[in-house]
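Reader: I should like to learn how to read the inner spaces of a protein model. May we begin with one example and then widen the view?

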Amino acid sequence: MGALESTESTTTRKPAGHLAPASFMWSHIARLAPQGLPRIPRALRGVYRSSLALKLGRLGGKMAFVAGAGIAAVGALGMTNGAQAEKKWPIMTRAEISKHKSKEAGVWVTYKEGVYDITEFVAQHPGGESRIMLAAGGAIDPFWSLYQQHLVENVLEILKQYRIGTLSAEEAAETADSSDPYSTDPKRHPALIVHKEKPFNAGTPPQLIPDNFTTPQELWYKRHHHPVPVVDPQTFRLKVEADSGVKGIRELDLSLDTLRKFPKHTVTTTLQCAGNRRAELNALGEKTQGLCWTTGAVSTATWGGVRLRDVLKAAGMDFESPSAKHIWFIGLDPPYDASIPIKKAIDKYGDVLLAYEMNGKDLPRDHGYPVRAIVPGHVAARQVKWVHKVVASQEESHSGWQRGVQYKGFSANIKSFKGVDPSKVASVQELPVQSAICDPPTNSTVSLDEGEVKVRGWAWSGGGRGIVRVDVTADEGKSWTTANLRKLKQEEGREWAWTLWEADLPIPAKDSFQICARAVDTSYNSQPGDVGPLWNLRGILNNSWHKITVKVDKD
């Protein structure tokens with residue numbers, strides 16, 4: 001993994017002043033909490049009274065993204081002198097709590113067995129309403145497990161001020177339903193934006209993406225077609241074989257321990273679903289096929305495993321003149337499988353892995369435990385999870401996800417697949433240049449008094465093409481600001497990981513305005529401005545300028 005680099009644009013505006021990091025604010029509140037807080041400290045009044053608090057939350061992103069940070073501040077703002085008397089709390093169910101996730105219905109959260117009402121604080125949350133609302137109607141425990149600075153005595157004491165009930169004890173032990181094939185699926189983080197429960201498909205909350213260069217495992221987007229397999233690592237075997245017509249390949253039957261004896265290789269790469277940003281195509285009026293992904297079907301990790309090239313070499317493949325044209329990956333969730341061209345599979349610079357680690361730990365079940373394919377620079381659909389068989393073939397995989405219409409780009413004039421021969425259309429492999437705005441969220445509100453809004457997002461291009469520039473505009477392209485970039489130092493042609501970016505834009509004196517972003521890659525491919533011509537029935541490959549609307553508070 002290379003070192004992180006930053007590039008600072010000479011055209012990007014700088015914040016007018018300096019704000020203390022969010023970590024300082026939380027520690028300040030924690031110090032004051034034991035003494036009791038009859039009123040807000042003078043030094044913090046302006047922060048909470050104005051929308052400057054939103055900027056503070058963004059600048060302290062890693063501290064403020066978690067909903068629990070808001071809970072800590074809630075306690076500080078509402079705390080009164082004297083200890084809270086012990087009382088018997090009413091018993092509440094998760095179903096009841098889940099109904100309270102809006103300002104109108106009230107915003108409730110749970111921590112362990114306690115239930116807390118945080119409605120009054122939501123608008124004042126330093127990280128913005130959208131972040132604290134990620135926990136609304138559910139538990140803050142998963143957020144605090146990621147950001148454990150909240151697990152201190154003072155914060156826990158503050159939280160008690162907002163308790164309204166106790167979670168039903170019967171719900172503490174949930175049993176699996178043996179009649180449900182999805183009953184053994186792993187637990188998922190409540191912050192994920194769920195598009196379908198069974199099979200589970202959920203995106204990373206966009207506003208959380210820029211907080212971490214490598215996405216925390218809990219927040220990785222999930223794209224499943226079937227139940228998550230339950231695999232015994234002791235009996236697991238990875239088979240390598242060839243179909244008829246491919247010469248020189250001997251069959252291999254590898255245990256997980258044997259696979260780990262191959263030289264280990266690591267690579268940091270971004271995976272993106274071809275349907276990312278499908279929602280914008282649907283918004284044109286004609287519905288597409290597939291889940292309505294926004295901008296969260298993308299994540300980045302450092303993967304560890306063995307090079308596919310090394311395994312194929314052990315099976316006897318001749319790299320100088322291979323008779324195979326494609327390599328299939330067959331998963332333990334039939335009938336899903338996919339293939340990649342042999343050129344990518346055996347390229348010593350292609351970094352294709354049979355991975356068994358993700359961010360330094362064993363693969364999570366949701367991401368392919370115990371072995372998955374990692375094909376840097378290619379669409380995520382080819383990076384098969386739970387791989388148990390690798391096949392050298394002269395043909396593409398026969399799977400519908402390879403040869404069918406699912407991952408093929410069709411013209412906007414195709415309104416039905418009746419009579420369409422998908423074999424005449426190339427399968428998607430490398431993806432085009434792409435970017436998205438993560439913060440501020442669309443339809444959020446900024447204060448005109450702030451003067452500027454900090455815009456953050458990500459950019460990426462397939463095929464190992466890096467990002468050379470991201471341009472951002474707040475006046476529909478009349479003027480552009482070049483964003484500051486944060487990226488890994490990766491070799492030219494092997495820039496597999498995304499680039500995170502940020503820019504400060506002036507806030508216009510109008511009721512609302514549009515922010516647009518476009519990225520340019522190392523081949524100087526640029527995102528097209530108009531989404532209309534990109535519409536296609538499958539709703540994939542939308543890489544138009546990303547646009548959001550922001551409201552302005554002039555008071």
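Author: Certainly; please bear in mind that this model is predicted. The lining of the second largest cavity consists of 5 nonpolar residues, 5 polar ones and no charged ones.

Reader: Which residues line the second largest cavity?

Author: A lining is read by naming its residues. Here they are Gln 272, Cys 273, Ala 274, Asn 276, Leu 431, Pro 432, Gln 434, Leu 541, Asn 542 and Asn 543. The volume of this second largest cavity is about 60 Å³.

Reader: How many cavities of 30 Å³ or more does the structure hold, and what is the volume of the largest?

Author: A cavity is a space that a probe fits but cannot leave. The structure holds 6 cavities of 30 Å³ or more, and the largest has a volume of about 240 Å³. Its lining comprises 21 residues, of which Arg 223, Arg 372, Ala 380, Gln 383 and Lys 385 are the closest to the centre.

Reader: How do the residues of the lining of the largest cavity divide into nonpolar, polar and charged?

Author: They divide into 11 nonpolar, 4 polar and 6 charged residues.

Reader: What percentage of the residues in the protein is buried?

Author: Buried means under 20% relative accessible area. Of the 555 residues in the protein, 55% are buried. The protein exposes about 24,000 Å², with carbon and sulfur atoms supplying 51% of that area.

Reader: How many helices and strands make up the secondary structure?

Author: The protein has 14 helices and 29 strands. Among its contacts with a separation of 6 or more, 74% join residues 24 or more positions apart.

Notes: Residues numbered from 1 in each chain as written. Predicted model: local features only at pLDDT ≥ 70, side-chain atom pairs only at ≥ 80, totals over all residues. Heavy atoms only, no water. Helix = DSSP H or I, 4+ residues; strand = E, 2+ residues; numbered from the N terminus. Buried < 20%, exposed > 50% of the residue type's maximum accessible area, 1.4 Å probe, protein only. Contact = heavy atoms within 4.5 Å. Areas by Shrake-Rupley, 256 points an atom, 1.4 Å probe, with all protein chains shown as cover. 1 Å grid on protein atoms, 1.4 Å probe; cavity = no way out; pocket = protein on both sides within 12 Å on 5 of 7 lines; lining within 4 Å. Points joined across faces, edges and corners; volume = space filled by probe spheres on them. Nonpolar A, V, L, I, M, F, W, Y, C, P; charged D, E, K, R; others polar.
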